[in-house]
Structures are given as C-alpha cells and as structure tokens.
Amino acid sequence: MKKSLVLFTVFLAFTACSKHQEKKNVAITGIDSTLTPGNDFFKYVNGKWYDSVSIPPSQAGVGAYMFMNFPQRMRLQRILDSISKSDNPTGSIAQKVGDFYASGMDTVTIDKRGYTPIKPLLAKIEAINDLPSLMSFVANEEKAGNLSIIALGVSPDQKNSSMNIAQIYQTGIGLPDRDYYFKSDSSTVAIQGAYKKYLATLFQQTGSDANEAKKNADLVYDIDKQIAVSHKTKVELRDVQANYNKIAVTDLVKRHPNIDWNTFLKNLGAQTDFINVSQPAYYDALNKLLKTIPIDNWKIYLKANSLERYADDLSKPFVDASFEYTKVLSGQAVQKSRGEKMASAVDNYLGEALGELYVKKYFSEDAKKRMLILVNNLQKAYGKRIDNLEWMSPTTKQKAKEKLFAITKKIGYPDKWRDYSNVQIARNAYFENTVSASKADYQFQLARLGKPVDKSEWFTTPPTVTAYNNPTANEIVFPAGILQAPYFDNNADDALNYGGIGMVIGHEITHTFDDQGAQYDKDGNLKNWWTKEDYAQFKSRIQQVINLYSTYTVLGDLHINGAMTVGENTADIAGIAVAYDAFKMTEQGKGNTKIDGFTPDQRFFISIAKIWRVKMKDEFLRLWINNNPHSPPNWRVNGPLMNTTPFYKAFNVKPGDKMFLPEKDRITIW
C-alpha cells in the first residue's frame, strides 16, 4: 500500500485474580541461573528460550507482544474455515464473513483473473488529461480506500473533543518513512533498491517492457522523494500542538488553488467549513508539485500507487512481487499461508463482524469482570503516587487526579457492534469484495463529519492482540484478543498477573500523562491544566528519559531514538512502578512466601521480562528501530527496571552490574 508503514504500536493488557479466586502455582521455567540478573535481566529470564527458539519462516519474529497475533490468526482461521463451509442466511454476519474469506481462499479464480479487476482503474488513470481530472480521480479513489496524495479522515476536534471534524495528513510515499529517501547506509540502500525493483515489476506485469518499467519506477521514486522532503519526521509528528492547525476551507482554497479544495471536498461528499491540516508543509508542497510535475508523470505515479494498493488482492505474480519487497524490508523468509493472510484480511475489512464471532467462542465475561477489578486497583495506586509526588504542586495534583479518575475503561468488545449491511460480498469476487468493504468504511467515516463524537466507538478489532490509550476521549481500551497468557492467567498468583498485565495497564494509564497525553485535559481537549512551574518540572523529567534511552544501542552502533520513543518509555517506567505499588496492596505482595524458590517480588519482575519475550529478524529489528515508537523488547525490560529501585532490592543489583544506576540518577516521573 502506498502509505507510510505503520508498525502497530500500542499495547497489551489483561486482568487479575479476584480475592476469592483459587490460585495455582504457575511454574517459572527457563531462568539462566548462571547469569547475573543485574547485568541483563531480559537475558537472565529469556536467554535460554531466545537461544533455542526458531522464528517461523513465514514470520519476522516470534514470541509475545505483537507476534502473538500469529497464533491468534490461527484461531481466527479455524473460525473462518468452519463458517465458510456452512450454509449461512444471505446478508447475515456469518454469510458476509464466510463468503469474504472463501473468495480470498479461491486462488484458482483469483489467478485466472490476473490483473483484470484493476484494468478499469488503470484505464481511468490513462484518461486523465489535466489537473481537474487528476484531482477528480484522486477523490473518487479515496472513497474506495485507494489513497494517494491526499489522506482525509474524520475524528474528534482536539480542542473540542465532543465534535468530529475533517482532518488531513501527510501521505503519498511508498517507503516506510521520509528518512528512507535520504539515508545512504547499506541497509537503507538495499531497501531503496528493492522498492524500485518492486515498482518496475508491477509495471512489467501490466504491459510495460523492462526498459520502460525501470524508467517508470525511477520516475515514481523521484516523485516520492520530492514529496518526502515536505514530510515531518517521526519526532516532529509527536508535537501535538504543531499538528493542530484548524483552517477555514475558504482560506485553504486561496492557499492551495491547484488542489481546488471546494471541488475536491464536493467530490468526496465531505461538506465542511473547517479542516485540521495536521502537516501544512506537506499540502503547501503538494500544491506546488501538482503544477511542476507534468500530468503524464502524475499518471505513472498514480498507476504505481494503485498497483501497490491492490497487489496482494490480485493474482500470484503480483502477490509474489509484493512479498519480494517485504522480504528485504522485514527479513521474513517465506510468505504467510493463504489462510493466515485471509484471516488478517477479514479482520481488516470486516473486523467487528469477525470479532463478534470470536468473542462468542473465546471471550469470558469473567475475564471482563476481573479486568475491571485490576484496572480499578491500578487507578487507585496511581492516585496515591500522584499524592506523593514531591515535584508537583497541590493545584496540579488535583487536576491530575480528576483526569485519572475520569478515564473511561473499555474491555473486551464494543457495547454495540458495527453494521455491515451496506457491504456486498460474493464468494467468487475477492477483489470486488475488498472494494465494497473499503467504500462502506469510507461512508462510515464520512457519516461522523460535523456530528457529536460517539464515545462507544472502538478503533481496534476485538480479536487483535493490542490495547491503546485515546487521549481525545480520555479512555483506555483492552480488546478480547489480548486477554490471554502470558499477560494474564485467571488462576495464577498475583505476582505474575500484576507483573504481567498490571504493568501494561499501568503503561496505558500513563499515556494519559506522557509527553503527549499530559497536554489533554480530563475531557480530552488539547488544553493546559498545569501550572507553569509544574510543567517545567515535568518537561525536565521527560528530557531525562530521552537522554537515557538515546544511550541504548541495538544491532551494533544503531541507537534507540530517545525522542521518538519517549512517550512509550515514560509509560514503561511508570507502568512498572504503579503495577508494583498495586501488587504490594495484595496479600501476596505484602508477604514474602516463596514459590519455586522465588520471592513474590522476584516473580513480579520475572513476569515483566516474560511478557516482552520476543525474538526478531535483524531486518525487522532495524525496521522497528527506525519506525516504531516503542523501544525493542529487551529494552522494554532492562530500561525501565534500571529506574525501579524495588528491582534492585529483589535481585541484589549492585554497583558494577551493567544495569546499575545510582539512586539519584533513577528517573521518577509519576
């Protein structure tokens, strides 16, 4: 797809044991007792596993966190295999989900069609003869989910969070991020080459000879690079104030005559007086490029964009070409199975419909109740930590606690399921099914425009192994997909649950108060609630996090980008601290009874290391460092624990150990 690669980044969470729950002893295995815990705690807990586990050829990594989505997709595939073979009522959720999956599994029909499904689209591009017809094409394709040079969405106004407004964002490049066009190291150059080869292959497969295909690929890459110049960096994108630019459409019309916003918005069906232009420099540059780049060159660019968008929905040669580029980017050795791909596709296009089926089979209401108990306990512990902050004034503490206890908690699945009645699905038309679902999704987004925010809405699907904090709604969300081990075990002792999912819940709560979240008030508005002095103190502690994590290296001399990852690192540090405080309020946490030779505190910290038990291909790890706002898994363990004094006591970490920081240098924000 012709968009910046998004590595899904948010978090995972689950629940805790109730007071009367009978607990079992969950054995801790794999500890390498020959190692010193204070030198590399991640390796102490996970080293034996890491050295012995193999990454499946179809994956870029293995273990917990985002890689739990691999076995999760196997679960979904079993549901889909079953339902696609059933005789389901026309128009029912089961029919739509089952037939969509069946159409994608029918590779014989897909391969027989070749690129026939996209030929009408390519013909429309060929018919473009001037700027108005080019912009008309862009608008019409946006309504079908084929984004190119303009990315419009509808979401809450960050300074009036109860109302939805139109938002536009920088877009238009094919490599994962703007910096890939300007780096010259060998790894990046290899990715640049693979991307150009991919473009050339797509052109050849749609009729160009080798020379023309290479020429076209170079032309598209050049346009990409001109666009990338105007893109903000990932660090700049973290500045929420700078990314809020609510501008009257009448002013945009004057500012961007070549875009012709009035006509463009009319073609989109988006009637609005104001737009938040998140990255104005991009649209200023685009307005100029629309004139300086010849129409014929834009047509080649749009062909490439559309071919990239739909490559995985076409016949095998297109799927193979897409994978050859992915292989260089991520290190994945072989393609995922067709079933796994289609499970992901159904989750992407009909996510809540599939989620409804998943929840019925796999989600326990008891888990939902227990999760709420755990979140409430973490909230209480967080409130006490705010009370005890030495650097914050009573006035700001009061505001912080009001925001803390105003957080909305969503667990498992939405209260109301999404309506897919306007999605048309046929068993023998996979390409058309994806387009129908995309068009319906666009209309779903458009229906929000100018309307009050529906706070029951979710922004991830129930089966996904993730969780997130939404600052404009002041909410934390934990889908059913992550309510499983290693993050939570209904029968395990509190140490494992609080060290596992408790840390993650604490992390999500902390996003309410990280460098971005702290700028929103309790109602989700971008509005200052700090005293000047307290905010200066807060910013100085945030800078400490940036400075510390910037010293950590990965893959030789490649450093963590402390400024890009500061929000997640802050949430990791505070997440562990508040989870530990909540654990110490439990019966087990107050005691010192050993299980399997480990004290309660030791089991708590071991659980933290286990939930980030991940092994990745070097290529994917490099992609992660360059694009993901989270630190790599080993530093999600060692980094925050270096700043956690109870960890030092639990494992006798002392001067000379590699993880030792003098107490005065340990960072405490919340």
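Let me begin with a definition: a residue is called buried when its relative accessible area is under 20%. By that cut-off Asn216 is buried, because its relative accessibility is 9%. Asn216 belongs to helix α8, which covers residues 210-228. Leaving aside residues up to four places away in sequence, Asn216 touches Phe203, Ser208 and Ile300.

I should say at once that the model I am presenting is predicted. Its average pLDDT over the chain is 94, and 96% of the residues score at least 70. The stretch formed by residues 1-22 has a pLDDT below 50, and in the model it makes 106 contacts beyond near neighbours in sequence.

I turn now to the aromatic residues. How many aromatic pairs does a search of the whole structure find? The search returns 49. One of these is formed by Tyr498 and Phe583: with ring centres 6.3 Å apart and planes at 40°, the pair is tilted. Tyr498 sits in helix α19, residues 494-510, while Phe583 sits in helix α21, residues 562-583. The two residues are 85 positions apart, and their pair links distant parts of the chain. Tyr498 is buried, since its relative accessible area is 3%. Phe583, at 0% relative accessibility, is likewise counted as buried.

A second pair is that of Phe604 and Phe605. Why is this pair classed as edge-to-face? The planes of the two rings stand at 85°, and the class of edge-to-face applies because that angle is over 60 degrees. The ring centres are 5.0 Å apart. Phe604 and Phe605 are both buried.

These four residues also belong to one aromatic cluster, whose members are Phe41, Tyr44, Tyr498, Tyr580, Phe583, Phe604, Phe605, Phe647, Tyr648, Phe651 and Phe660.

Next, charges over rings. Arg636 lies over the face of Tyr65, at 5.3 Å from the ring centre. Tyr65 itself is found in the loop that runs between β1 (61-63) and α2 (69-83). Is Tyr65 buried or exposed? Tyr65 counts as buried, because its relative accessibility is 2%. Its C-alpha atom is separated by 24 Å from that of Glu457, a residue 392 positions away along the chain. In another such arrangement, Lys361 is placed over the face of Tyr362, at 5.7 Å from the ring centre.

Let me move to the open and enclosed spaces. The second largest pocket holds about 650 Å³ of space. Its lining comprises 25 residues, and those nearest its centre are Arg385, Leu389, Thr668, Ile669 and Trp670. Two or more lining residues come from each of α16 (365-387), α20 (532-549), α21 and α26 (645-650). Among the elements, α21 gives the most to this lining, with five residues. Helix α21 is also the one that holds Phe583 of the tilted pair.

As for enclosed space, the search of the whole structure finds one cavity of 30 Å³ or more. The volume of the largest cavity is about 80 Å³. Which residues lie closest to its centre? They are Thr109, Ile110, Arg113, Tyr430 and Phe431, out of 15 that line the cavity. The elements giving two or more residues to this lining are α4 (107-113) and α18 (430-446). The largest share, three residues, is provided by α4.

Methods: Residues numbered from 1 in each chain as written. Predicted model: local features only at pLDDT ≥ 70, side-chain atom pairs only at ≥ 80, totals over all residues. Heavy atoms only, no water. pLDDT = per-residue confidence, 0-100. Contact = heavy atoms within 4.5 Å. Phe/Tyr/Trp six-rings, centres within 6.5 Å; stacked < 30°, edge-to-face > 60°. Helix = DSSP H or I, 4+ residues; strand = E, 2+ residues; numbered from the N terminus. Buried < 20%, exposed > 50% of the residue type's maximum accessible area, 1.4 Å probe, protein only. Lys NZ or Arg CZ within 6 Å of the ring centre and 35° of its normal. 1 Å grid on protein atoms, 1.4 Å probe; cavity = no way out; pocket = protein on both sides within 12 Å on 5 of 7 lines; lining within 4 Å. Points joined across faces, edges and corners; volume = space filled by probe spheres on them.
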